[in-house]
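Let's go through some labels people put on structures and ask what earns them. Have a look at this one first.

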Amino acid sequence: MNTAEPATEDRGLEPDVDHASRKTIVGWRELVDLPEWQLFHIAAKIDTGARTSALHVEELEEHEGLARFSVPLEGGGVLRSVSIEAAVTRRSLVRPSTGELQERLVVSTALRLAGIEQEVEVSLVSRAEMLAPMLIGRRSLGTRFLVNPRRRYLHGRPE
């Protein structure tokens with residue numbers, strides 16, 4: 001038997017942790033939480049090609065170093081939004097998949113991914129045309145995670 005191949009009954013099941021590197025394995029799509037803002041179970045695309053994470057926001061305003069914005073949420077067929085105010089950490093020039101350079105406000109908040117909570121920077125942008133309202137970039141992944149591009153929702157499925 002080839003030791004690199006899992007036993008028949010284990011095929012398709014992958015561990016949550018890569019024991020050799022002690023890194024948590026995540027899929028290319030996962031649910032994340034932003035607990036400081038009371039936002040839970042946000043569908044996120046894990047994108048190692050992106051440097052900074054991004055969150056879909058609406059009604060974005062900046063005033064005296066504070067970003068004020070709303071995050072639309074859908075649950076049970078009802079659309080509502082949560083209003084948030086956060087200190088602007090910095091401004092960033094970003095070249096999204098459209099190729100056109102954009103200036104974005106960046107804020108910091110706690111991100112919980114696969115049960116691991118850490119402080120991350122998040123750029124605020126309209127992602128209305130995207131499938132996932134949040135994108136997790138490689139700075140947020142750091143050295144704690146490995147991404148399996150063939151799997152999704154390894155740490156909880158959307159309702």
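Q: What makes Asp33 and Arg112 a salt bridge?
A: In this predicted model, the closest N and O atoms of Asp33 and Arg112 are 3.0 Å apart. The cut-off is 4 Å between a side-chain nitrogen of Lys or Arg and a carboxyl oxygen of Asp or Glu, so the pair qualifies. It links distant parts of the chain, with Asp33 in strand 3 and Arg112 in strand 9, 79 residues apart.

Q: Why is Asp33 called buried?
A: Its relative accessible area is 12%, and buried means under 20%, so Asp33 gets the label.

Q: And what about Arg112: why does that one count as partly exposed?
A: Arg112 comes in at 26% relative accessibility; partly exposed is what falls between the 20% and 50% cut-offs, so that's where Arg112 belongs. Asp33 and Arg112 are also linked with Glu117 in a network of salt bridges.

Q: How do you know that Arg68 and Glu85 form a salt bridge?
A: Check the gap again: the closest N and O atoms are 2.6 Å apart, and the limit is 4 Å, so Arg68 and Glu85 pass. Arg68 sits in strand 7 and Glu85 in strand 8, 17 residues apart. Arg68 has 32% relative accessibility, which makes it partly exposed, and Glu85, at 47%, counts as partly exposed too.

Q: What does the salt bridge between Arg90 and Glu121 tie together?
A: Their closest N and O atoms are 2.8 Å apart. Arg90 lies in strand 8 and Glu121 in strand 10, so the pair ties together parts that are 31 residues apart in sequence. On accessibility, Arg90 is at 25% and so partly exposed; Glu121, at 24%, is partly exposed as well. The whole structure has six salt bridges.

Q: Why are strand 1 and strand 12 called edge strands?
A: They belong to an open sheet of three strands, in the order 1-2-12 and with mixed pairing. Strand 1 (17-18) and strand 12 (145-148) each pair on one side only, which is what the label says.

Q: How do you know that strand 2 pairs with strand 12?
A: Pairing takes at least two bridges, and four join strand 2 (residues 23-27) to strand 12, so they pair; the two run parallel. Ile25, for one, has Leu146 in strand 12 as its bridge partner.

Q: Which residues touch the most other members of the largest nonpolar core?
A: Trp37, Leu39, Phe69 and Met134 do, out of 29 residues. Strands supplying at least two residues of this core include strand 4 (39-46) and strand 7 (66-75).

Methods
Residues are numbered from 1 along each chain as its sequence is written. This is a predicted model: local features need pLDDT of at least 70, side-chain atom pairs count only at pLDDT 80 or more; totals for chains, interfaces and linings use all residues. Side-chain values use heavy atoms; hydrogens and water are left out. A nonpolar core is a set of buried Ala, Val, Leu, Ile, Met, Phe, Trp, Tyr and Cys residues joined through side-chain atoms within 4.5 Å. Buried means under 20% relative accessible area, exposed over 50%, partly exposed in between (1.4 Å probe, protein chains only).
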